[in-house]
Amino acid sequence: MGIRGASRGIRQQAVILLLGLWCWVLSVPAAAADEAADSGAFVIAPYLVAVTGDSATVAFHLSEPLVAAVQVQVGDELRRFVSSEAGQSHFVRVTGLEPGQVYRYAVDCGDGAVRTPPGDSSYQIRTANRPGESFTFTAYGDPRPGDNQTHHHHRRVVEQMVLVEPAFSLVLGDLVDDGSRATDWVTFFEVEADLRRRSAIFPVLGDNDLAEGRGRAVDYFPTAGRGHYRFEWGGVQFVGMHVWGALSGQSESDFGADSEQLRWLDEQLSQDDVRKAPFRVVFLHDPIVISRGRSAETLQRVWGPLLSKRGVDLVLASWHLYERSQLDRVTYVISGGAGAELVWMPKSSAVIAQAEARRHHFCRVDVKPGAMHIRAVAEDGTVLDSFTLLPRTSGGDGSPSVLQRQARRLRREIAIGQPQADPPLVVHLFSYDCKYCRQLLDHELPRWSRQHGVPLKVHYYDLGLPGTYDLLVAAGADFGRQDAEVPTVFMGRSVLGGAGEIRAGLPTELEHYLKDRLRYQEQAVVPFSEPRDTQAIRTQKFEALNLAVIVAAGLLDGINPCAFTTIIFLLSYLTVAGRSRRQILLTGGIFTLAVFLTYLAIGALFYQLANTLMGHPTVATTINVVLLAGLIVLAALSAVDTVRCFRGQATDIALKLPAFLQRRIRARIRAFARNDVAVGTASFSLGVVIASMELACTGQVYVPIVTMIAEPRYRAAATFNLLVYNLAFILPLVVVFLFVAFGMTSQRLVGFARRHLTAAKLGLTLLFVTLALVMLHNLGWLA
């Protein structure tokens, strides 16, 4: 055989080998099921269903009919619960337990023929917590082993959930790709085995699970197979609904306005224990509100208003992505990324999503007294979204709430645009007296108001005033978003944080308003109408901070265009004062120390100093204008000198002092430079003044830190975080003065200038022009 023939034969063998390997991979679930059937082991290992405060059901499935028993360790007593009738499927109910406890259990079938590993402590029953106790659960949908012939993403999501140690999981339907295939169910439980043996599962079914009436879901989840059900955990009320094909496949008599299921839901939500619960959670398969997907008209028209009327806090549903939105005070979360393919449909303008992600993920929900914190966590552990829900009250006498009274006292109302017959559109703006905030109020909002013909009423909240930060976190809870940058705008149902989001999103909001003014106003969130535990939210925001976030925020705040004024001042001052490396290091070090200590003092005495320092924006503007004027003059003179040097007229350069002034100034600078006290005093004073004027550069991490210093139990941690933040903030300054000291000494500059005078003058011209542009940005005259 020749070389070509041998090569062709090798390729054919390789193809055959790959095909054989692929077939083997596809056959693994079925082979595993067959092997289990032949060996007499568990076909489906133990998992927990129908867990309450005093009982639990341990379910498992065997390859052959056997009697079975579950042994539970209760204190010093080993209790035995027997399923005396031989069978392949067992649901053993364990009773006599206490709420909020963890019990170890073991399963023994056929006198030890099949059993859980002896001494394995991972088999645990966790009973439902008492009202007011903290607990964690997970929620996810569409794991669907069998979809795309892979369960890789499902396994990675489960691995992340195991780290969370949830008390239970809500599974939002489409657990498997084809509910009629036993191998799909075997694979589902095999992937989830480490979690399900110690964490209860509460599922609702999807169309894939039911498989057009051929599904076997009821064999594994009798309660879910019967349809809707309700349970309580830690005082929180959970209601699972049977809506899996509202767009097609399911009869409207199952979920329509006159359906038995909807009447049952209304009755359940009307009961006293449900109305008085801290939270009400409804979970189902089909989305009711979704932006990148479709929702049945009946669900939107009938279910949505009922859920709002009955005070439901959170609705969980499944579709192949993550999405969060809010409508009529109900938060809707779509979590369908637990394993199946992801689907990213065009966005609907009728629904405004507050967060979305095209990632495989699950939702982690931490319930604590007075708060429910929800995070969407990707399969690699990345947090995709995070928000907090707080309990709300039912009813009221119509009088203003405490937060509403506080908001009326602290806000400043600013009318923008020409009055019209329709009332102005309300915009809630939280900010310091920052440069972009002034630009937003003086230029951008008036321009957008004119362009769209919409008068605005701005409720302006100054974060330098005590109590305003509480209003910010309360508004964040009302709108369902706590991570927006400052300045923050709340309008309609949207939250816009930072200059980028505001410029991109606020004109779009005005367009939505113009399309249907009445509908926009009806759907708008009214902030401060609900009682909010702002202290709990502040605590959660503070506890969510970690060292990496604090360092990153400090660095970003230290180099943003606003704070760059400080660096420009440092460069200018070092050029004038620095005659040696020692003096440059002394000057820069003292200047940077002053900035550090000023920001540290402001953090420690935030509210007392904020009004004083930020109450004089004209001072900061004056400094910037003076710097701008000087930079323009320097740029013009440098440009003239560049042209003259290019023509060979180096002796006629304009940017120099007369000889007699040079001699005088050099003598004065030498005397000044020998006086370390004078240099140090001037450097420190400049650092304090410039840092004070640039206080508004601080970002969203700074505020949670400084507000928690007043809390005795967080004072030490907040002080440490403030130190770390300020060290990161001054790092760009340190880099600048070290660069000047070791890379731009006067001797090097002089030598370079003599050899390359034209290039040096051109470089200075570009430098001055660049610094002038930065000044224009700081003044808000350049977007």
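This passage walks through the overall make-up of the chain, one enclosed helix and a group of aromatic rings.

The model is predicted, so to speak on paper: local features need pLDDT of at least 70, side-chain atom pairs count only at pLDDT 80 or more, and totals for chains, interfaces and linings use all residues. Residues are numbered from 1 along each chain as its sequence is written, and side-chain values use heavy atoms, with hydrogens and water left out.

The chain has 783 residues, and 52% of them are buried (under 20% relative accessible area, with a 1.4 Å probe and protein chains only). Its secondary structure adds up to 27 helices and 24 strands; these are DSSP runs numbered from the N terminus, H or I of at least four residues for helices and E of at least two for strands.

Helix α3 (residues 182-191) has 7 of its 10 residues buried, so the rest of the structure largely encloses it. Among those buried residues are Trp-185, Phe-188 and Phe-189.

On the aromatic side, 26 pairs turn up across the whole structure (rings of Phe, Tyr and Trp, the last by its six-membered ring, with centres within 6.5 Å; planes under 30 degrees apart are stacked, over 60 edge-to-face and the rest tilted). Take Phe-168 and Phe-231: their ring centres sit 5.6 Å apart with planes at 85°, so this pair is edge-to-face. It ties together distant parts of the chain, 63 residues apart, with Phe-168 in strand β8 (residues 168-171) and Phe-231 in strand β10 (residues 229-233). Phe-168 is buried at 0% relative accessibility, and Phe-231 is buried too, at 9%. Both belong to a cluster linked by ring pairs, which also includes Phe-135, Phe-137, Phe-202, Trp-233 and Phe-238.

Terms used
Buried means under 20% relative accessible area, exposed over 50%, partly exposed in between (1.4 Å probe, protein chains only).
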